[in-house]
Amino acid sequence: MKEAAIHGRGHISVVAISSTGLFTPAYSISNKELVTSLNRYVAKFNDEHADEIASGTLDPLLPSSEEFVEKASGIKSRYVIEKERTLDPDVMAPHIPERSNEQISILAEIALKAAQDALQAANKQAVDIDGVLVACSNLQRPYPAIAIEVQDALGIDGFGFDMNVACSSATFAIQAAADMIRAKNARAMLIINPEICSGHLNWRDRDSHFIFGDVATAILLEHEDACTSKNAYQILGTKLKTVFSNNIRNNFGFLNRAAPEGIGKDDKLFIQQGRKVFKEVVPMVSDFVLQHLDELKIESGNLKRLWLHQANIHMNELIGRKILGKEPEPGMAPVILDEYANTSSAGSIIAFHKYKDDLEPGDIGLICSFGAGYSVGSIIVKKLN
Ligand code: COA
């Protein structure tokens with residue numbers, strides 16, 4: 001199971017992350033634009049319901065504030081696939097027109113861009129890849145798999161399937177793909193995390209309207225022997241955990257039409273108990289990572305970088321301190337959520353993509369995800385070159 005253990009027994013089967021890829025949407029929404037939009041909606045709602053509010057039968061909606069958003073989360077902006085209708089107080093949802101079955105779907109389109117970036121960085125062609133995993137929080141449709149659509153667009157002769165472990169989709173996919181490579185079921189695997197979080201975000205909800213952004217990331221895994229890219233990382237070990245929780249939930253699904261009374265309700269979008277998530281997930285993640293490091297006989301003090309899930313700056317600061325037993329040095333736990341917001345499964349991979357090239361060969365780091373489920377994924381990596 002563990003690379004180090006396999007190595008120790010002399011059966012060297014080392015899997016490497018050869019490269020990563022990133023697609024960043026063209027539009028960005030600042031906190032100012034976001035809060036202005038929500039506050040326009042709030043003013044209009046309160047105006048239209050003035051009588052009920054005056055009679056005490058309805059609570060007025062409360063406005064949002066830029067100061068709160070940045071202070072509570074660390075988020076300053078987010079990228080989105082579509083901006084105009086998302087910010088229109090009369091719509092407040094992205095407008096992404098339906099496409100014909102002959103056109104590439106939007107999720108496959110952004111996945112493809114990230115995948116092409118990763119292929120190029122790894123000096124690989126479609127012919128070198130055997131499998132595609134599309135691993136993300138929100139899949140556009142049940143079938144055919146987005147992964148098979150991407151596989152077709154790239155011209156890969158092999159297999160593909162979709163998987164969803166919410167914010168931990170990427171790390172869970174890394175373990176799945178690494179295991180397939182070790183088992184010789186694939187030579188190289190492409191993992192892609194297309195996250196159009198703007199589609200599941202309730203832009204009218206003051207408590208959560210600032211949380212998410214859109215992006216796509218890709219990760220190319222292969223045998224170390226086949227790896228010819230610069231800045232590749234050997235996977236030293238992977239460890240996953242899930243514990244059921246209702247504190248982050250989305251009840252959207254194919255059975256919604258069987259219960260029409262629930263269609264359009266808030267629980268068909270992202271909902272969470274943010275405070276509870278914060279309190280429960282921080283110890284769960286830090287204990288889990290420390291246990292993983294212990295199993296691999298790696299001192300946490302030897303970690304040179306923490307590429308953490310990007311949901312909340314305070315959560316990351318606390319997890320960083322708990323794992324390292326001290327304040328992380330500047331740059332040790334890179335932050336991208338200020339610019340990208342929470343991009344679900346892609347967050348830790350964006351951080352890895354942007355802040356992996358400056359480490360020295362032999363340096364050890366942690367890619368770590370956490371989120372709905374609850375789920376935690378810990379991937380310990382060592383820089384190869
Ligand atoms: N603008 C202004 N004030 C706001 C606001 C907004 N948009 N949203 C909430 N508030 C107010 C609340 O009404 C509350 O006021 P009160 O103290 O007078 O009651 C106060 O701010 C604190 O609200 P709360 O919801 O408790 O905020 P918080 O400090 O817990 O921060 C999160 C909210 C979501 C940023 C934080 O809980 C979090 O990030 N949790 C982890 C979430 C996470 O990682 N989820 C995983 C998702 S995949």
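**Exercise 1. The ligand**

Which side chain has an N or O atom 2.7 Å from an oxygen atom of the ligand? Find it, then describe the surroundings of the ligand.

*Solution.* Before starting, note that this is a predicted model, where local features need pLDDT of at least 70, side-chain atom pairs count only at pLDDT 80 or more, and totals for chains, interfaces and linings use all residues. Residues are numbered from 1 along each chain as its sequence is written, and side-chain values use heavy atoms, with hydrogens and water left out.

Step 1. The side chain belongs to Asn312: one of its N or O atoms is 2.7 Å from an oxygen atom of the ligand. That pair fits the term polar contact (N or O atoms within 3.5 Å; within protein, one must be able to donate a hydrogen and the other to accept it, and residues adjacent in sequence count only if both atoms are side-chain atoms).

Step 2. Now look at the backbone. A polar backbone atom of Arg206 is 2.9 Å from a nitrogen atom of the ligand, and a polar backbone atom of Ser65 is 3.1 Å from a ligand nitrogen.

Step 3. Widen the view. The ligand is surrounded by 17 residues, and the closest are Ser64, Arg206, Gln272, Arg275 and Asn312. To be included, a residue needs a heavy atom within 4 Å of the ligand.

**Exercise 2. The sheet**

Trace the sheet from one edge to the other, and say how its strands pair.

*Solution.* Step 1. Strands (E, at least two residues) and helices (H or I, at least four) are DSSP runs, numbered from the N terminus. Two strands pair if DSSP finds at least two bridges between them.

Step 2. The order is S5-S4-S6-S7-S1-S8-S13-S12-S11, an open sheet of nine strands with mixed pairing. S5 (159-163) and S11 (303-308) are the edge strands, each pairing on one side only. From one strand to the next, the twist averages 25°.

Step 3. Begin at the S5 edge. Five bridges link S4 and S5 in the parallel sense, and Val132 has Gly160 in S5 as its bridge partner.

Step 4. Move on to S1 (residues 15-23) and S8 (residues 233-242), which are antiparallel and pair over two bridges. Here Ala16 faces Gln234 in S8.

Step 5. Finish at the other edge. S12 and S13 run antiparallel and are joined by eight bridges, with Ser378 in S13 as the partner of Cys368. Three residues lie between these strands in their hairpin, where Gly373 takes a positive phi near 140°. S11 and S12 run parallel, joined by five bridges, and Leu303 stands opposite Ile364 in S12.

**Exercise 3. Covered strands**

Which residues of S12 are buried on each side?

*Solution.* Step 1. Buried means under 20% relative accessible area, exposed over 50%, and partly exposed in between (1.4 Å probe, protein chains only).

Step 2. In a regular strand, side chains alternate between the two faces of the sheet.

Step 3. On one side of S12, Ile364, Leu366, Cys368 and Phe370 are buried; on the other, Gly365, Ile367, Ser369 and Gly371 are.

Step 4. Compare S4 (residues 131-135). Gly131, Leu133 and Ala135 are buried on one side, with Val132 and Val134 buried on the other.

**Exercise 4. Helix H8**

Check the span of H8 and say how covered this helix is.

*Solution.* Step 1. The expected span of a helix is 1.5 Å times one less than its number of residues. For the 14 residues of H8 (residues 169-182) this gives 20 Å, in agreement with end C-alpha atoms that are 20 Å apart.

Step 2. H8 is largely enclosed by the rest of the structure, because 12 of its 14 residues are buried. Among them are Phe172, Ile174, Met180 and Ile181.

Step 3. Just after H8, Lys184 has a positive phi of about 65°.

**Exercise 5. Two residues**

Is Thr86 buried or exposed? Answer, then describe Glu280 too.

*Solution.* Step 1. Thr86, in helix H5 (residues 84-87), is buried, with a relative accessible area of 0%.

Step 2. The side chain of Thr86 reaches the backbone oxygen of Glu82 at 2.8 Å. Leaving aside neighbours within four places in sequence, Thr86 has contacts (heavy atoms within 4.5 Å) that include Ile29, Met92 and Trp203.

Step 3. Glu280 belongs to helix H9 (residues 274-295) and is partly exposed, at a relative accessible area of 37%. Its side chain makes a polar contact of 2.7 Å with that of Tyr374.

Definitions and conventions:
Axes fitted to C-alpha atoms, helices over the stretch in contact; angles between N-to-C directions.
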